[in-house]
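This briefing goes through one protein structure, topic by topic. Please look over the sequence and the model before reading on.

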Amino acid sequence: MGRAPSRDEEITALKSYWQYFASAFTLGRATKVQIENRVFASIPAQLLEEIKTKSVVVAMGHQGDWDLAGAFFAAKYAPVLTVAENLNPPSLAKKFTDLRRDIGMEIILLEKGKSVFSTLVDKARKAPRLVPLLADRDLSGGGIVVPFCGTEALFAPGPAALAKRLDTSLYVVNMQLLELPPERRKIAKTKYGIKLIVNGPIERPRVTDNDLVVEWTKSWVKTWEAGIKLAPTDWHMTQAVFLPDLDPVRLAKARKRYQQNVGEN
């Protein structure tokens, strides 16, 4: 925001985060009609046309209610394939995985420091799917340094790398939490929903093949940043993400592990 948050903004941010959890763990009981009435969506016609014949990649972050967005798209348009961090304890990871499968999403679990890229590519090639990837936090050690909110942050290369490998379009999503109007609230059986905004396709940079993933990542992050600034209290990044805030020793170790894994593969 370019300034310190107010106490009210901090409280609003925490309320937004916990509303996400309250929504996520009840989605499995929601009907298709209820899910559709919880979302106000703006989706480019090109994406809806492309998804009929091929998989499409969507870059996003921990903003709004990404599980509701996935349930909405799976119910209304096409199957959803995505990656989720394998959380501890295992019982928590199982709850999230079961939840997402119940609402029509296929989940590939990611271990910290490991890669599931080949598996993701193979599954995305088998049938048309939406592939949304949370990329505002680097788990691999291979993150890309990107200008972001007046400083720099590490973003995962996954969305751009996958779009490149599949030779498909790359879109970007922003979400804002909102209170539903009375007529929607009655059908949705809940007070809260989301505004879902999809932008793109993000133009493929005209650069060399070696620079494509870096430059494409910078492009989608620039678009996503504008959406974050519109609703910063709905960005649920509750840990260090800006480069100056990261532990340089731990970062160097993660980079080294990543390079070793790349060499082994």
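Glu 215 has a relative accessible area of 29%, so this residue is partly exposed. The model described here is predicted. A search through the whole of it finds 13 salt bridges, and Glu 215 takes part in one of them, with Lys 218. The points below begin with the charged pairs, then turn to the nonpolar cores, two helices and three single residues.

**Salt bridges**

- In the bridge between Glu 215 and Lys 218, the closest N and O atoms are 3.7 Å apart.
- Both residues belong to helix H9, and because they are 3 residues apart there, about one helical turn separates them.
- Lys 218, at 32% relative accessibility, counts as partly exposed.
- Glu 106, Lys 123 and Arg 129 are joined into one network by salt bridges that share partners.
- Another salt bridge links the side chains of Glu 10 and Arg 7, at 3.6 Å from N to O.
- Glu 10 and Arg 7 lie 3 residues apart in helix H1 (residues 7-24), and so about one helical turn separates them.
- Glu 10 is partly exposed, its relative accessible area being 34%, while Arg 7 is exposed at 61%.
- Arg 185 and Glu 179 also meet through their side chains in a salt bridge, at 3.9 Å from N to O.
- Arg 185 has a relative accessible area of 31%, which makes it partly exposed, and Glu 179 is partly exposed at 48%.

**Nonpolar cores**

- The largest nonpolar core is made up of 37 residues.
- Leu 120, Phe 155, Leu 162, Leu 170, Trp 220 and Trp 224 are the residues with the most contacts inside this core.
- Helix H9 (residues 209-230) supplies the largest share of the core, 7 residues.
- Phe 155, leaving aside residues up to four places away in sequence, touches Trp 220 and Trp 224.
- Other residues touched by Phe 155 include Ala 135, Asp 136, Gly 143, Ile 144 and Val 146.
- A second core, separate from the largest one, has 35 residues, among them Val 39, Val 56, Val 80 and Leu 196.

**Helices H4 and H6**

- Helix H4 (residues 66-76) is mostly covered, with 8 of its 11 residues buried.
- The buried residues of H4 are Trp 66, Asp 67, Leu 68, Ala 69, Gly 70, Ala 71, Phe 72 and Phe 73.
- In helix H6 (residues 117-126), the buried residues are Leu 120, Val 121 and Ala 124.
- Seen down the helix axis, the buried residues of H6 fall within an arc of 100°, and therefore they line one face of the helix.
- Ser 118 and Lys 126 are exposed, on the face of H6 turned away from its buried side.
- The cover over the buried residues of H6 includes strand S3 (80-85), strand S4 (105-110), strand S5 (130-134) and H7.

**Asp 65**

- Asp 65 sits in the loop between strand S2 (56-60) and H4.
- Although Asp 65 is buried, it has no salt bridge.
- Arg 38 is the nearest side chain of opposite charge to Asp 65, at 7.2 Å.
- The side chain of Asp 65 makes a polar contact of 2.6 Å with that of Ser 23.
- A polar atom of the Asp 65 side chain also lies 3.0 Å from the backbone nitrogen of Leu 68.
- Apart from residues up to four places away in sequence, Asp 65 touches Tyr 20, Ser 23, Met 175 and Ile 194.

**Ser 169**

- Ser 169 is located in the loop between helix H7 (158-166) and strand S8 (170-179).
- Its relative accessibility is 11%, so Ser 169 counts as buried.
- The side chains of Ser 169 and Glu 50 are joined by a polar contact of 2.6 Å.
- With neighbours within four places in sequence left aside, the contacts of Ser 169 include Gln 46, Lys 54, Val 56 and Pro 201.

**Gly 158**

- Gly 158 lies in helix H7 and is partly exposed, with a relative accessible area of 22%.
- Leaving aside neighbours within four places in sequence, Gly 158 is in contact with Phe 117 and Leu 133.
- Ala 127 is 31 residues from Gly 158 in sequence and 19 Å from it in space, C-alpha to C-alpha.

Notes
Residues numbered from 1 in each chain as written. Predicted model: local features only at pLDDT ≥ 70, side-chain atom pairs only at ≥ 80, totals over all residues. Heavy atoms only, no water. Core = buried A, V, L, I, M, F, W, Y, C linked by side-chain atoms within 4.5 Å. Buried < 20%, exposed > 50% of the residue type's maximum accessible area, 1.4 Å probe, protein only. Helix = DSSP H or I, 4+ residues; strand = E, 2+ residues; numbered from the N terminus. Contact = heavy atoms within 4.5 Å. Polar contact = N/O pair within 3.5 Å; in protein donor to acceptor, adjacent residues only side chain to side chain. Arc of directions from axis to C-beta. Lys, Arg positive; Asp, Glu negative; His and termini not counted. Salt bridge = Lys/Arg side-chain N within 4 Å of Asp/Glu carboxyl O.
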